[in-house]
Amino acid sequence: MSINHNLQRIKSTLPDKVTLVAVSKTKPTSDLMAAYDSGQRIFGENKIQEMVDKHDVMPKDIKWHMIGHVQRNKVKYMAGFVDLIHGVDSLRLLKEINKQAEKHNRVIDCLLQIKIAKEDSKFGMDAELAEELLKSKAIEELKNIKLSGLMGMATFTDNMDQIEGEFKFLKSVFDKVSTLKGTNLDLQILSMGMSGDYPLAIECGSTMVRVGSSIFGARNYN
Ligand SMILES: *Cc1c(COP(=O)(O)O)cnc(C)c1O
């Protein structure tokens, strides 16, 4: 199946209000260009250096989403162009994003990553801590970030009931915090769902799905 064909097939199943992030990590820019030429403009990468390299050579109307774990010392490399950072999991990281965004005279949109999976290996904040953070004074002082929603990754399992439970939990957290008001709070985005589970995520209330292998084919890490 061609990238164009895969994209059109997936897009035809998405409700209008759901945004598709094409996850292009590990893939060559020729593959990204194939997606671009079929109309895709939002791409997700999980390594900052790789995203910077691709940003340098790809068309400038692309919106780049950082979907991976972010190391604070690398924020500066993407602060000039990144459109949305999905994996924010601490106040320390938010402060660094704010500082780097200020240098570029930008406001950077961020999602708080909530830990919803059972495994320890997944990054993210406990839901209660995230709620506290969103209500805190410390957030209001960060003028160069906007908190625009939540992100989560379900457990890597074939057990769809478990995944559904995790998605529903994240949706319930989202429903609670999305009513919060603040100068840099506008929690509209619920980023959940990947190739294996995005239809279920949408049923559970996702507004943004991050789909990689179903568009670009399996990744080769060698
Ligand atoms: C790789 C990745 C995806 C996409 O995974 P696929 O199963 O290939 O769709 C989505 N979200 C995150 C955070 C990822 O790292």
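Visitor: Which element gives the largest share of the lining of the largest pocket?
Guide: That's H8, with three residues. Keep in mind that this is a predicted model.

Visitor: OK, and which elements give two or more residues to that lining? I'd like the pocket's volume too.
Guide: The volume of the largest pocket is about 660 Å³. Strand S6 (145-152), helix H8 (160-177) and strand S8 (208-211) each give two or more residues to its lining.

Visitor: How many residues line the largest pocket, and which are closest to its centre?
Guide: There are 31 lining residues, and Lys25, Met153, Met194, Arg210 and Arg219 are the closest to the centre.

Visitor: How does that lining split by class?
Guide: You get 12 nonpolar, 13 polar and six charged residues.

Visitor: Let's switch to the ligand. Which pocket does it take up?
Guide: The ligand's space is the largest pocket.

Visitor: And which residues are around the ligand?
Guide: Going along the sequence, you have Val23, Lys25 and Ile67, then Met151, Met153, Met194 and Ser195. After those come Arg210, Val211, Gly212, Ser213 and Arg219. By class, this shell holds six nonpolar, three polar and three charged residues.

Visitor: What does the side chain of Ser195 do with the ligand, distance-wise?
Guide: An N or O atom in the Ser195 side chain sits 2.5 Å from an oxygen atom of the ligand.

Visitor: And which ligand atom does Arg210 pair with?
Guide: For Arg210, a polar side-chain atom is 2.8 Å from a nitrogen atom of the ligand.

Visitor: What about Gly212, backbone or side chain?
Guide: Backbone: an N or O atom there lies 2.8 Å from a ligand oxygen atom.

Visitor: So how much of the ligand's accessible area does the protein cover?
Guide: On its own the ligand has 380 Å² of accessible area, and the protein covers 91% of that.

Visitor: New topic: how much space lies in the second largest pocket?
Guide: About 170 Å³.

Visitor: Which residues line the second largest pocket?
Guide: One run is Asn46, Lys47, Ile48 and Gln49. The others are Met66, His69, Val70, Gln71 and Lys74.

Visitor: And the classes there?
Guide: The lining of the second largest pocket has three nonpolar, four polar and two charged residues.

Notes:
Residues numbered from 1 in each chain as written. Predicted model: local features only at pLDDT ≥ 70, side-chain atom pairs only at ≥ 80, totals over all residues. Heavy atoms only, no water. Near = heavy atom within 4 Å. Polar contact = N/O pair within 3.5 Å; in protein donor to acceptor, adjacent residues only side chain to side chain. Areas by Shrake-Rupley, 256 points an atom, 1.4 Å probe, with all protein chains shown as cover. 1 Å grid on protein atoms, 1.4 Å probe; cavity = no way out; pocket = protein on both sides within 12 Å on 5 of 7 lines; lining within 4 Å. Sits in = over half its atoms within 2 Å of the grid points. Nonpolar A, V, L, I, M, F, W, Y, C, P; charged D, E, K, R; others polar. Points joined across faces, edges and corners; volume = space filled by probe spheres on them. Helix = DSSP H or I, 4+ residues; strand = E, 2+ residues; numbered from the N terminus.
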